[in-house]
Amino acid sequence: MNIDAIQLYVIKMPLKSPFHTHLGTVTEREGIIVEVRDSDGIFGYGEGVAFSTPWYTEETVKTSLHILTDILIPLLKANPIEHPKEASALFQTVRRNNMAKAGLEMALWDLYAKRNLTSLASIIGGTRVKIASGVVVAADSIVHALRQIETFLSEGYQRFKIKINPSQDYSVLAEIRRHYPDLPLMADANSAYTLKDIDRLKALDDFNLLMIEQPLDVDDIVEHSILQKELATPVCLDESIVSFEDARKAIELGSCKVINIKPGRVAGLFEAKKIHDYCYERGIQVWCGGMIEYGVSKAHNIALASLPGFTLPGDISASNRFWDEDIITPEITVDNGYVTVPSQDGLGFSLNEKRMKDVLLTKKAFRF
Ligand SMILES: [Mg+2]
């Protein structure tokens, strides 16, 4: 692919409103934008989606920078590749650190698509021209949650996800259902429960939820298989699935009926597509989750969600869900509940240079 240079940009922006989960509150977001340039001066972009602290996975912005700077970029420099899928194989010699790998791998996909004068969506096999958009309600009180739902409904969102934990689950969901009996609603627990809470979780079958996401711990693939047999509500796995092998095991054990595929969590688009293909063949529904990310990552998610197996609305919301001004142009918009899949080459979005300058913390250049 004749890589000539790579730049890493660390950026930071405050969220428009705090994002609450039982694991903590996110009020500002650091992120890493990965820019690869080839010898013809064509650019590709990826985004590292690790958070500043390891609350979601073990990675952080600092560990990602270390792995990119000291391991992955030198590895790529020493082993020139012809296709992004070779990067995925090359990076398998490094254990985990999936978000660091994904940031670089996805930049290579964008570059590869642009070199082939094709959209990223079509080069990975996407078939949809628009994708249904869902949104996450992450409020600190039921009053705020209801207010957010009202706003998001007026903006056309097609699926609503509410963060739950054992201290508020039944009461919050009952209140939402009292106001919105037919809302396409799901719950995300981010591992707030154990199998001891099985009766609590069974009670949530009352609310006709689309699914309950990641009720048990990250390593609880076996426990989720016990839980799923007891629940009418489909279980969706998120944090538990960090590789194709995790997805295969979870499906074989009957641990879930749905998988949330986040390319950042599974080391990039190649692995994400592999999980999609496996699920598609077996009738397991998938959707694309969010990481409170910037437009570069969202644009990759849009391309991924254009694959035929993404039958459920994901967390792909508009740029204005989290940001006063995103780092891409044009910004991502939701129109009547749908996001249009770009047909331009690569990601189909450009970096907003001015906004990038405004939110830049540090940058680092690597010459090949
Ligand atoms: Mg989740």
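Which residues are the protein donors of the magnesium ion? In this predicted model, they are D188 (OD), E213 (OE) and D238 (OD), as the first of the following views shows.

**View 1. The magnesium ion and its protein donors D188, E213 and D238.** The donors D188 (OD), E213 (OE) and D238 (OD) lie 2.2 to 2.4 Å from the magnesium ion, and along the sequence the donor residues follow the spacing D-x24-E-x24-D. E213 belongs to strand 8 (residues 212-213), whereas D238 sits in the loop between strand 9 (235-237) and helix 9 (244-253), so the pair ties together parts that are 25 residues apart in sequence. Both E213 and D238 are buried.

**View 2. The surroundings of H20 in strand 1.** H20 is located in strand 1, which covers residues 3-21, and the side chain of H20 is joined to that of T25 by a polar contact of 3.0 Å. When residues up to four places away in sequence are left out, H20 touches T25, A138, A139, D140 and K163.

**View 3. A nonpolar surface patch made by V222, I226 and L253.** Together, V222, I226 and L253 form a nonpolar patch of about 250 Å² on the surface. V222, one of the residues of this patch, is placed in helix 8 (residues 221-230). The relative accessibility of V222 is 49%, and V222 therefore counts as partly exposed, a class that lies between buried, under 20%, and exposed, over 50%.

Methods
Residues numbered from 1 in each chain as written. Predicted model: local features only at pLDDT ≥ 70, side-chain atom pairs only at ≥ 80, totals over all residues. Heavy atoms only, no water. Donors = N, O, S within 2.8 Å, 3.2 Å for Na, K, Ca; no water. Helix = DSSP H or I, 4+ residues; strand = E, 2+ residues; numbered from the N terminus. Buried < 20%, exposed > 50% of the residue type's maximum accessible area, 1.4 Å probe, protein only. Polar contact = N/O pair within 3.5 Å; in protein donor to acceptor, adjacent residues only side chain to side chain. Contact = heavy atoms within 4.5 Å. Patch = residues over 30% accessible without salt bridge, like charges linked within 9 Å, V, L, I, M, F, W, Y side chains within 5 Å. Areas by Shrake-Rupley, 256 points an atom, 1.4 Å probe, with all protein chains shown as cover. Salt bridge = Lys/Arg side-chain N within 4 Å of Asp/Glu carboxyl O.
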